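Here is a short tour of the model shown below, written to be read with the structure open beside it. We begin where the two chains meet and then work through the sheets and a few backbone details.

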Amino acid sequence: MADYKMHILVCGGTGCRASQSDKIVETFKTELEMHGLDDEVKVVATGCFGFCEKGPIVKIIPDNTFYVQAGVVDVKDIVEEHIIKGRPLKRLLYHDPATKSQVTDTAHIDFYKKQVRIALRNCGFINPENIEEYIARDGYAALGSVLEMKPSEATQMVKDSGLRGRGGGGFPTGLKWEITAKEKSDQKYVVCNADEGDPGAFMDRSILEGDPHSVIEAMAICGYCIGAGKGLVYIRAEYPLAINRLKIALNQAREFGLLGNDILGSGFDFDIDIRYGAGAFVCGEETALIHSMEGYRGEPTVKPPFPSVSGYLGKPTNVNNVETFANIPVIFNKGVEWFKSIGTENSRGTKVFALAGKVNNVGLIEVPMGITLREVIFDIGGGIRGGKKFKAVQTGGPSGGCLTEQHLDTPIDYDNLIAVGSMMGSGGMIVMDEDDCMVSIAKFYLEFTLDESCGKCTPCRIGNKRLHEILVKITSGNGIEEDIERLRVLGNVIKETSLCGLGQTSPNPVLSTLDNFYDEYLAHVNDKKCPAGQCKDLVHYEINANACTGCTLCFRNCPVGAISGEKKMPHYIDQSLCIKCGVCFEKCRFKAISIV
Amino acid sequence: MPKVKLSEYATNTVKEVCASFNNSEGELINVLHQVQQKLGYLPAEVQELVAKELNMSAAKVYGVVTFYSFFTMVPQGENPISICMGTACYVRGAEQVLDEFKRQLKIEVGETTTDGKFSLSALRCVGACGLAPVVMVGEKVHGRVAPTDVRKIISECKDGCLT
């Protein structure tokens, strides 16, 4: 970033691109050209800034001004006011809801204050399509220093750092490398698992979109440590932008001699290929992933043998996830002690979470292990939307569990989350408020598991189907009290007898909601009521004639014409026509409609 | 499924794709990706031809096609509508939006309208959770969709079709 006086960074992550951030980049370029400023100001499309709630994000460097919810129409003003006249454009600054003041830079935004960025260190700072920007931020320095060490020394450093697998299991990364390194074989493989399947997690994609070189560098380091000459990235075909940026990055790394034969004159040969996933959650499991890469159905097989011994094409294979790899270069650049100083005793470093659901600040965050759920949800996440009451937070995706108010002060790390009945998982974190029915949430996750079960083992294939049937029965008002016990017994059998991680964890959302929200199950079963008012078969909408002003808003918005009434007179819902979509309830400005 | 005769174009496309992967059995998934990209979907006849070219059983090809949700055996509508059913969208009301699409288009998830204009699918997390609930029509992303927006999205597509 030497020759330019100013840089305009525009978020080019998927979330912001969905709000036309690519057009913002183009418009900036034309606008700057018009003013003859294109030699002095550079526009960069970066990776995800993380603050997706307020996207599209535009950041001006060097003064670090942070603009939120910028649109194509704002570009002209930013250039004329900020770039030319040097005055920040007030209307696009972040508005702090607590202090009611405007904040100009990220250092003073609550969303960023408690974050520590290791895996996401370059996302939102560099142009992911330019290797030189990565190199300028210590990129490939770690590879250079590792190539001067013995493989065993470098592996020991990863081991000492205490880094654990960020894909969900939390297996010590260095140990995995060591096991694979010890195997004797003519060919070994390094596999990067980028088959992010948790519905509600997008950290791996953001890393590949925002900083693909960190993964490439780490894979090469891993290859050197375990004695592999070949790397493979298994990525979802649904991630076109990430695939494209990864391809560009691979080509640039080859041009710079950082992949290929005799890397940096060390005699070490390594190259990386891409393999495409085709939408199967179970392929996040190592053995299933390997079968899929070989062109078969992605069904898991019994371990042992572990991939470290017999993996891709029967050769020793080391599988790590994207976020795990993204941590590796930093460990070598900043040292084992530095890395160990962050986090907790048994969970070192940071974890990236996709914070979503009913919080004010939805986005991608990276926090040190040991931070509490309360800090994440209320300080970083800015609390619950619309002033509603916090009810639960779901971590670990379809394999995890729902935690409640009483767990809010639990420090987040691998072991603590398991102890309270959830898990770290890949990092989905969905916040729920008083309007969410926990039985429905359990059913939602079960539907996902049913879709995604590969069908190979009976407990998962049939057991989950039965679990789901019982939940449907309960949410439709036909449950009996014995059903609740059946859920628990069946859930535990599935956990104990399934073949792979998918089945072994699939009942978790059911079991954890049973533990934490037993009363809600009872209300569905005994009183035939849904306390959150979400289960359609158990609720109906009514208009309170005293509160209704006859404004006709509900009447005009009802999609099925179930509401009738004269202007300025109380309205009425025809229950036989009502489809319980809830539109009238949301639209009513006088709180005249209630869920009964 | 009624038997369709593959056009010469389709036959050649399949053969070319298979050849570009050296007709190797291990490349099956890559072959299917490219064939689907070029032909839009993977009907039984295409699968049979792929099996023949890669020298493997049609059952194996069918097994793979039906295993992965990305592969489809029915043609998509002119406006493929996908509703994100990731958790973040779900808790912000994606199910109500999906119900409204089903009601207005009179089709279920995985189906295409009889005029071939719309198809409906549910997908898992687009990664634009800040915009939840999210609906995608082709490549276009609609964010913060409420059931009341459904009619507008459908009519926008219809207008698009006419022009």
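Four salt bridges are counted between chain B and chain A in this predicted model. One to look up on your screen is the pair B:Asp99 and A:Lys536, whose side chains meet with N and O 3.0 Å apart. As a general point, side chains of opposite charge can pair when their charged atoms come close. Polar contacts add to the picture: 16 residue pairs across the interface of chain B and chain A meet the rule, with both residues at pLDDT 80 or more.

Which elements of chain B give two or more residues to the side that touches chain A? They are helix H2 (28-39), helix H4 (58-67), helix H5 (87-91) and helix H6 (94-105) of chain B. Sorted by class, this side of chain B has 18 nonpolar, 12 polar and eight charged residues. In terms of contacts, 38 residues of chain B touch 57 residues of chain A. The size of an interface is often given as the accessible area lost when the parts come together. Here chain B and chain A bury about 3700 Å² between them, and 58% of that is on carbon and sulfur atoms.

Now for chain B by itself. Chain B is built from seven helices and four strands, and along the sequence these follow the pattern α-α-α-α-β-α-α-β-β-β-α. The C-alpha trace of chain B spans about 50 × 35 × 25 Å along its principal axes.

The strands of chain B make an open sheet of four, ordered E2-E1-E3-E4, and the pairing is mixed. At the edges are strand E2 (118-123) and strand E4 (140-142) of chain B, each of which pairs on one side only. From one strand to the next, the twist averages 20°. Strand E1 (residues 79-84) of chain B runs parallel to E2(B), and six bridges join the two. Within that pairing, B:Ile83 stands opposite B:Ala122 in E2(B). Helix H6(B), already met at the interface with chain A, lies across E1, E2 and strand E3 (135-137) of chain B, at about 150° to E1(B).

Chain A offers an open sheet of its own, with four strands in the order E9-E8-E7-E10 and parallel pairing. Strand E9 (271-277) and strand E10 (317-321) of chain A stand at the edges with a single partner strand each, so one side of each has no neighbour in the sheet. The twist in this sheet averages 25° from one strand to the next. Strand E8 (residues 230-236) of chain A pairs with E9(A) in the parallel sense over seven bridges, and A:Val233 has A:Ile274 of E9(A) as its bridge partner. Across E8, E9, E10 and strand E7 (189-194) of chain A lies helix H10 (residues 212-226) of chain A, which runs at about 150° to E7(A).

The table sets out the two strand pairs described above.

| Strand pair | Sense | Bridges |
|---|---|---|
| E8(A) and E9(A) | parallel | seven |
| E1(B) and E2(B) | parallel | six |

Salt bridges are also found away from the interface. Over all chains, the count comes to 44. In chain A, A:Asp110 forms a salt bridge with A:Lys113, and the closest N and O atoms are 3.0 Å apart. Why are A:Asp110 and A:Lys113 separated by about one helical turn? Because A:Asp110 and A:Lys113 are three residues apart in helix H4 (residues 110-113) of chain A.

Finally, some backbone details in loops of chain A deserve a look. The peptide bond between A:Ile61 and A:Pro62 is cis, with omega about 20°, and A:Pro62 lies in the loop between strand E3 (58-61) and strand E4 (65-67) of chain A. Another cis peptide bond runs from A:Pro304 to A:Pro305, with omega near 5°. A:Pro305 belongs to the loop between helix H12 (286-293) and E10 of chain A. A:Gln69, a residue other than glycine, has a positive phi near 45°. You will find A:Gln69 in the loop between E4 and helix H3 (75-84) of chain A.

Methods:
Residues are numbered from 1 along each chain as its sequence is written. Chains are lettered from A and ligands numbered from 1 in the order in which they are written. This is a predicted model: local features need pLDDT of at least 70, side-chain atom pairs count only at pLDDT 80 or more; totals for chains, interfaces and linings use all residues. Side-chain values use heavy atoms; hydrogens and water are left out. Two strands pair if DSSP finds at least two bridges between them. Axes are lines fitted to C-alpha atoms, for helices over the stretch in contact, and angles run from 0 to 180 degrees between N-to-C directions. Contact means heavy atoms within 4.5 Å. Buried area is the accessible area (1.4 Å probe) that two parts lose on being put together, summed over both. A polar contact is a pair of N or O atoms within 3.5 Å; within protein, one must be able to donate a hydrogen and the other to accept it, and residues adjacent in sequence count only if both atoms are side-chain atoms. Ala, Val, Leu, Ile, Met, Phe, Trp, Tyr, Cys and Pro count as nonpolar, Asp, Glu, Lys and Arg as charged, and the others, Gly among them, as polar.
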